[in-house]
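The exercises below ask the reader to work from strand pairing towards the nonpolar core of a predicted model. Each task is followed by a solution in steps.

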Amino acid sequence: MESRTKHTYRTELSEFAKEVLVECPNCQHQALVNTFGETVYKAEKVKVRVVCGYCGFNKDLERIWVRSKHLILGEAIDPFFHLPLWLKIEVNGNLLWAYSFEHLRFIEEHIAAKLRERNGFEHFKTRSVGARLPRWMTAANRREDMLRAIEKLRSK
Ligand SMILES: [Zn+2]
């Protein structure tokens, strides 16, 4: 059961990994790592490019792609170039991060849903989705901190 939950979360992460906001290694502004719509978790070979709209830095993934070796999903770096993510913030000693604003919204919706669930709303609808996020994100006493941190990130 535990491994199935993790797998689901990984699969979702790979969907969000199609467009990842990172810190430009050249100027530290926001840059975009783009797989051009490829689902990287399944692909054997992918075309991936990082582009900074601020300084013009760009780079293609050059090395031979060995998925099991080079793809890093689930950490505060992009899965391909391993550049630091743009959207990350510390919350109560944990690092909250998201690949994109879309991913951030996904996380926020699930935490908000857990809050409503606690208040007696939408119980059965939200039951399964909360399990897809790491436990510390949805811990009952931390949800409001999480939502505040997300709000801060959104204005970054
Ligand atoms: Zn740049």
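Two residues are taken to be in contact if their C-beta atoms, placed from the backbone, lie within 7 Å.

**Exercise 1.** List the residues that Leu85 touches, leaving out residues up to four places away in sequence.

*Solution.* Start with Leu21 and Val22, both of which Leu85 touches. Continue with Ala76, Ile77 and Asp78, and then add Trp97 and Tyr99 to complete the list.

**Exercise 2.** Establish how strand β2 is paired with β1 and with β3, and name a bridge partner in each case.

*Solution.* Take β1 (residues 19-23) to begin with: β1 and β2 run antiparallel and are joined by five bridges, and within β2 it is Gln30 that partners Glu23. The hairpin that these two strands form has six residues between the strands, and Gln28 there adopts a positive phi near 70 degrees. Turn then to β3 (residues 49-52), which pairs with β2 over four bridges, again in the antiparallel sense; here Arg49 of β3 is the bridge partner of Asn34. Finally, consider the two faces of β2 (residues 30-34): Ala31 and Val33 lie on the covered face, whereas Gln30, Leu32 and Asn34 lie on the uncovered one.

**Exercise 3.** Which residues touch the most other members of the largest nonpolar core, and which elements and domains contribute to this core?

*Solution.* Among the 23 residues of the core, Leu21, Val22, Leu85 and Leu87 touch the most other members. Two or more residues come from each of β1, β2, β3, β6 (94-98), α3 (101-118) and α6 (143-154). Domain 1 (2-85) and domain 2 (89-154) each supply at least three residues to this core.

How values were computed:
Residues numbered from 1 in each chain as written. Predicted model: local features only at pLDDT ≥ 70, side-chain atom pairs only at ≥ 80, totals over all residues. Buried ≥ 20, exposed ≤ 12 C-beta atoms within 10 Å, placed from the backbone. Pairing = 2+ DSSP bridges. Core = buried A, V, L, I, M, F, W, Y, C linked by C-beta atoms within 7 Å. Domains from an automatic or database assignment.
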